[in-house]
Amino acid sequence: METGTISRLLQPTKVPSSSFANFTSSSSVCCSQKRLMPACHSSHGGREINSDEREITVLSSEPTLKKSSVVGGLSLHRPVHKRDVVGKTFCSVGLSTYPRSIVESSSQTAEEKIGVLLLNLGGPDTLHDVQPFLFNLFADPDIIRLPRLFRFLQRPLAQLISVLRAPKSKEGYAAIGGGSPLRKITDEQASALKMALDTKKVLANVYVAMRYWHPFTEEAVHRIKRDGITKLVVLPLYPQYSISTTGSSVRALQNIFKEDSYLSRLPVAVIESWYQRQGYIKSMANLIEQELHNFTKPEEVMIFFSAHGVPVSYVENAGDPYRDQMEECIFLIMKELKARRINNDHTLAYQSRVGPVQWLKPYTDEVLVELGQKGVKSLLAVPVSFVSEHIETLEEIDMEYKELALESGIENWGRVPALNCTSSFITDLADAVIEALPSTMAMSTSTGTEDPMQYFMKMLFGSLLAFVFLFSPKMVSAFKKNIL
Ligand SMILES: C=CC1=C(C)c2cc3[nH]c(cc4nc(cc5[nH]c(cc1n2)c(C)c5CCC(=O)O)C(CCC(=O)O)=C4C)c(C)c3C=C
Ligand SMILES: [Fe+2]
C-alpha cells in the first residue's frame, strides 16, 4: 500500500457498501453441551442509514428516550445524539439500557432458544495463513474504501497489498509465537459468557463469527440455523463502533440474513457499541489501578491510552463515530479513576497505521518520543480499542513501542493487560445481552425470494398511486413554482 495511486483510491465514500468474505468454518459453545469449559485468564486477563431503515423508539432507564432502528432487519441500539465532554456533538451508537421491569418480563420461555453471536476480526492461526488472512482483510470494502467506479479493482488490489505486506506481518506474528491468539481467546470469552448467562438463569448458545479468518461469519450462521435459535443478540467484541470493525462485521451479517427466509424472520438485536457501560469502565479502571501498583512511584506515572487508529477520512468524511467514542471512553475511565483518588496525567494516541493515507493523530510512536524528550520517566500503556491480547498488544506495544520509549528516555515501562476473560467484564457483557433481549426484532420479510406475481402487483399499484399523486393539479403547480 505504499503508492500514491492507492492513496488516491482510498478516499472514502459516504455510504459503506456490503462486503463478502470467504466462509469455511465456525465455533460455538452450545448450551446443550455438558463439557468442561476451557480455562480463562480470569485474573487478567457514520454508520450509513440504509434507505430501508425504519425507526422505532425503545424505553430507556435513562431520562432521554433512545432511538433504535431497523437496518436490513437488524435492530440496532443507539442513544440519541448528545454532547460529549469537550462540547462536540457526537453520534454515540450504543446499547440502550432498559428498565428492570422490561428485563424481568423477558424471562425465558421453554420453547425459546437464545443465541448470542460474538463478532470479532479473526487472525491467522499459522504463518502460512498470514497472506490469505491479509487478502480477506484488504478485500473488504470497509477496510479499503474504493469509489464505486473502482470497485472492480478491490480484489486484485487486495491480492497485491496482501502479498506486499505479508513479509512484515509474518515477522510480527512469528515474534508472538507464529500466529494470532485471537481465536483461542475469543472462544474462551464465548465459554465464559455462556457460563455468566447460565448463572443469571439465561440459557444461551454462544457463537463466534470472525470477519477475516476462521471461524467465518457464514459458518456461525449455519450453526445458528442448525440449532434452531429463536432469538439472537449480536455482540461485537469492539467497545467502540467503527465502520471498519463493527460496521463491516454487521454488514457481512446483514448480507447473509437478507438472503435467507429463516434468518430474515429471526428476532435479532445488535449491540453496536458498549464502551460507556459501567461494568466495562470499572473493569478497565481495575486493571489500570492494579498495574499502577507495580511502579515505585505510582502517582508519577503517565497513563498512556493507545487505541488502534483508523484513516482520518473515516471520521471526517464518512461519519465514523470512532474517535468521539474513544475520547468519551477515555474520559469515563479517567472519571472512574478520579473517583478512586487516582489523579495521574493521561494521554491518548493512535497506533497501527497502515499505508500512505493520514490516520487519526497523534500517532503513538511520535507521542512516545515527545514524552521522553519532555522528561516523562514512567509510563503505563493501556490498549483501549480491543478486549483481547493480539498482535498489536503483544508485538507492537510490548516490543516495538517499549523499545522506542526506553530509547526516548522513559525509564519505567508498564502495560495493562487486555481484558480477555476478566470476570467483572464478562459479567457485564452478560448483562448487556440480557438488556438487549427484549428489543430483538424480526428482520424484514423481503428475502429476495418474493413471489413474482406479488412483486408485479405491488409495482403496478405503486406506479398508479405515484401517477395520481404526481399529476394532481396541486403537485404540478408546486413543481412549476420550484423549478421556475
Ligand atoms: C478497534 C480495533 C481495530 C480497528 C479500528 C482496525 C482498523 C484497521 N485495521 C487495518 C489493518 C490491519 N489490521 C490488522 C490486524 C488487526 N486489527 C485489529 C483491530 C482493529 N483494526 C485486530 C484485532 C487485528 C488482528 C490482530 C491479530 O492478533 O491477529 C492487520 C494485520 C496485522 C498487521 O499486518 O499489522 C492489518 C493489516 C486497517 C487498514 C484498518 C482500518 C481501516
Ligand atoms: Fe486492524
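These legends go with a set of close-up views of a predicted model and its ligand.

**View 1. Ligand 1 sits in the largest pocket.** Here's the ligand in its place: the space taken by ligand 1 is the largest pocket. A total of 29 residues surround ligand 1, and the closest are Arg165, Ser169, Tyr173, Ser180 and Ile391. Sorted by type, that shell comes out as 18 nonpolar, 9 polar and 2 charged residues. Taken alone, ligand 1 exposes 790 Å², and the protein buries 97% of that.

**View 2. Polar contacts pick out three side chains around ligand 1.** Start with tyrosine 173, where a polar side-chain atom lies 2.6 Å from an oxygen atom of the ligand. Arginine 165 also reaches an oxygen atom of ligand 1, with a side-chain N or O atom 2.9 Å away. Histidine 308 deals with a nitrogen atom instead: an N or O atom of the histidine 308 side chain is 3.0 Å from that ligand nitrogen. Two of these residues, Arg165 and Tyr173, are also on the list of those closest to ligand 1.

**View 3. Helices α3, α4, α7 and α13 help to build the shell around ligand 1.** Each of α3 (130–138), α4 (154–175), α7 (243–257) and α13 supplies at least two residues of the shell. Which element gives the most to the shell around ligand 1? That's α3, with 4 residues.

**View 4. The largest pocket holds about 1200 Å³ of space.** Zoom out from the ligand and look at the walls: 50 residues line the largest pocket, and those closest to its centre are Arg165, His308, Ser352, Val354 and Glu392. By type, the lining divides into 24 nonpolar, 16 polar and 10 charged residues. The largest share of the lining, 7 residues, comes from α4. Among the other elements that each supply at least two residues are α3, α7, α10 (312–316) and α13.

**View 5. The second largest cavity has a volume of about 50 Å³.** Its lining is made up of Ser306, Ala307, His308, Gln351, Pro383, Val384, Ser385, Phe386, His390, Glu392 and Thr393. Two elements give two or more residues to this lining, β11 (302–308) and α13 (391–407). β11 gives the most, with 3 residues. The lining splits into 4 nonpolar, 6 polar and 1 charged residue. You've met His308 already: it lines this cavity, and its side chain also makes the 3.0 Å approach to a nitrogen atom of ligand 1. Glu392 turns up twice as well, in the lining of this cavity and among the residues closest to the centre of the largest pocket.

**View 6. Two cis peptide bonds lead into prolines 215 and 362.** Most peptide bonds are trans, so cis ones are worth a close-up. The bond from histidine 214 to proline 215 is cis, with omega near -5 degrees. Proline 215 lies in the loop between β8 (204–210) and α6 (217–226). The other cis bond joins lysine 361 and proline 362, and omega there is about 0 degrees. For proline 362, look in the loop between β12 (346–351) and α12 (364–374).

**View 7. Lysine 201 has a positive phi.** Where does lysine 201 sit? You'll find lysine 201 in the loop between α5 (182–199) and β8. Its phi is near 65 degrees, a positive value in a residue other than glycine. For comparison, most residues other than glycine have a negative phi.

Conventions:
Residues are numbered from 1 along each chain as its sequence is written. Chains are lettered from A and ligands numbered from 1 in the order in which they are written. This is a predicted model: local features need pLDDT of at least 70, side-chain atom pairs count only at pLDDT 80 or more; totals for chains, interfaces and linings use all residues. Side-chain values use heavy atoms; hydrogens and water are left out. On a 1 Å grid over the protein atoms alone, a cavity is a set of points where a 1.4 Å probe fits but cannot get out, and a pocket is an open set with protein on both sides within 12 Å along at least five of seven lines; lining residues have an atom within 4 Å of a point. Grid points are joined across faces, edges and corners, and a volume is the space filled by probe spheres set on the points. Ala, Val, Leu, Ile, Met, Phe, Trp, Tyr, Cys and Pro count as nonpolar, Asp, Glu, Lys and Arg as charged, and the others, Gly among them, as polar. A residue is near a molecule or strand if one of its heavy atoms lies within 4 Å of it. A polar contact is a pair of N or O atoms within 3.5 Å; within protein, one must be able to donate a hydrogen and the other to accept it, and residues adjacent in sequence count only if both atoms are side-chain atoms. Accessible areas come from the Shrake-Rupley method with a 1.4 Å probe; for residues, only the protein chains shown count as cover. A molecule sits in a cavity or pocket if more than half of its atoms lie within 2 Å of its grid points.
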